[in-house]
There are 2 protein chains.
Amino acid sequence: MNKGDLFTCPFTVNSEIYNGFISLFNDKNPLHTNSDYAVHQGFSGKVMHGNILNGFLSYFIGECLPVKEVLIQTQEIKFLKPVYLNESLLLHAEVEDVHESVNTIVLKYYFENRDKVKVAKGKIQIGLLK
Amino acid sequence: MNKGDLFTCPFTVNSEIYNGFISLFNDKNPLHTNSDYAVHQGFSGKVMHGNILNGFLSYFIGECLPVKEVLIQTQEIKFLKPVYLNESLLLHAEVEDVHESVNTIVLKYYFENRDKVKVAKGKIQIGLLK
C-alpha cells in the first residue's frame, strides 16, 4: 500500500447488525433502545451504537485491504452525527502515511451516509506482519 | 461524575463473544481465525479482534456509569498486547476531565488481564444529555 491509496466499503446498520450488537455486548442504554426517549433527547429515533462502526472497521481492515497480514495497533473515531436504524453508510479510507522502518501504515477514514453527510471520522494505525 | 472517579468492570472474551463478533461483522482475517497462522506470526494462538474491546467499552459507557444520559463523542484505543480466547480482562476507567461548560466528560481507561498486564488503553469523551 502506498500513501494516497483510496478504498471504499459499503455497510448498512440493519436490524440484524443492531440486534446482534445488543445481544453480543448487552448495551441497552435507552438512547439505543427506546425511540421515545431518543426523540425526547432531540434525535430522530433510536441512535445506533457508535461501536457498530468500529466493528465495520474491523471487517474493513481484516478483509478489504490488499494485504491480509495486518494487525490494528491504534484506532480512533469521532462521532459527528447520529446514525439511525437501516442507514447505509459508505466508508472512505485513505493511506495517510507509510512508515516502512517500523512496518506501520496510518489510514484516515470517514463514514458518510446517503446524503453525503459525514457521520464519523478517524484514524487507524496498522502494523504489517511477516 | 467528578474528576478522579474510578470504575472497574470485568469482561471475558469467551467463545460466545468471539464467534458472535465474527458472525456479526464477518472479520475472518487469518490472524483471528487460524491458530497455525497466528503462531507462525509469533503469537500464542488466534488473536482476538481488538474491536471486541470496543464493544465492551460500549457496554461500560451505556450501562455501568452512574448516569445513563450519555453519548460517546470520541473514542480511542491503543492495543498493547494480544488478547487470546477465554482471557478475562478487567476494565479500569477514571474520570480525567469534566468540562461543565460543554457538558462533556473525558475518561481514560485500560484493560488488564489476570497477570495485571495492560493489554489496551485509551480515552473516551462522552457528552451528557438533558
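Modeller: Let's start with one idea: two residues are in contact if their C-beta atoms, placed from the backbone, lie within 7 Å. Keep in mind that this is a predicted model.

Biologist: Thanks! Then which residues does B:F56 touch, not counting residues up to four places away in sequence?

Modeller: B:F56 touches B:F11 and B:L91 of chain B, and A:F25 of chain A.

Biologist: How should I read a nonpolar core, and which members touch the most other members here?

Modeller: In soluble globular proteins, nonpolar side chains tend to be buried together. In this model the largest nonpolar core has 70 residues. The members that touch the most others are F56, I61 and L91, named in both chains: A:F56, A:I61, A:L91, B:F56, B:I61 and B:L91.

Biologist: Let me look at one chain. What elements does chain A have, and in which order?

Modeller: Chain A holds four helices and five strands. Read from the N terminus, they run β-α-α-α-α-β-β-β-β. The C-alpha trace of chain A spans about 50 × 30 × 20 Å along its principal axes, and 37% of its 130 residues count as buried.

Biologist: What share of the contacts in chain A with a separation of 6 or more joins residues 24 or more positions apart?

Modeller: The share is 63%.

Biologist: Now the pair. How is chain B laid on chain A?

Modeller: A turn of 180° with a shift of 0.0 Å along the axis lays chain B on chain A, with an RMSD of 0.0 Å. The two copies are therefore related as by a two-fold rotation axis. In chain B, the C-alpha nearest that axis belongs to B:E76, 2.0 Å from it. The same surface serves both copies, since 100% of the contact residues of chain B recur in chain A.

Biologist: How many residues does each chain bring to the contact, and which elements of chain B take part?

Modeller: Each of chain A and chain B brings 35 residues. On the side of chain B that touches chain A, the elements giving two or more residues are α1 (15-25), α2 (30-33), α4 (50-64) and β2 (70-79). The most comes from α4(B), with ten residues. By character, that side of chain B divides into 14 nonpolar, 15 polar and six charged residues.

Biologist: I see β2 in that list. In which sense does β2 of chain A pair with β2(B)?

Modeller: They pair in the antiparallel sense, over five bridges. For one example to find in the structure, look at A:I77, whose bridge partner in β2(B) is B:Q75.

How values were computed
Residues are numbered from 1 along each chain as its sequence is written. Chains are lettered from A and ligands numbered from 1 in the order in which they are written. This is a predicted model: local features need pLDDT of at least 70, side-chain atom pairs count only at pLDDT 80 or more; totals for chains, interfaces and linings use all residues. A nonpolar core is a set of buried Ala, Val, Leu, Ile, Met, Phe, Trp, Tyr and Cys residues joined through C-beta atoms within 7 Å. A residue is buried if 20 or more other C-beta atoms lie within 10 Å of its own, exposed if 12 or fewer, and partly exposed in between; C-beta atoms are placed from the backbone. Copies are superposed by least squares on the C-alpha atoms of residues with pLDDT of at least 70 in both. Ala, Val, Leu, Ile, Met, Phe, Trp, Tyr, Cys and Pro count as nonpolar, Asp, Glu, Lys and Arg as charged, and the others, Gly among them, as polar. Two strands pair if DSSP finds at least two bridges between them.
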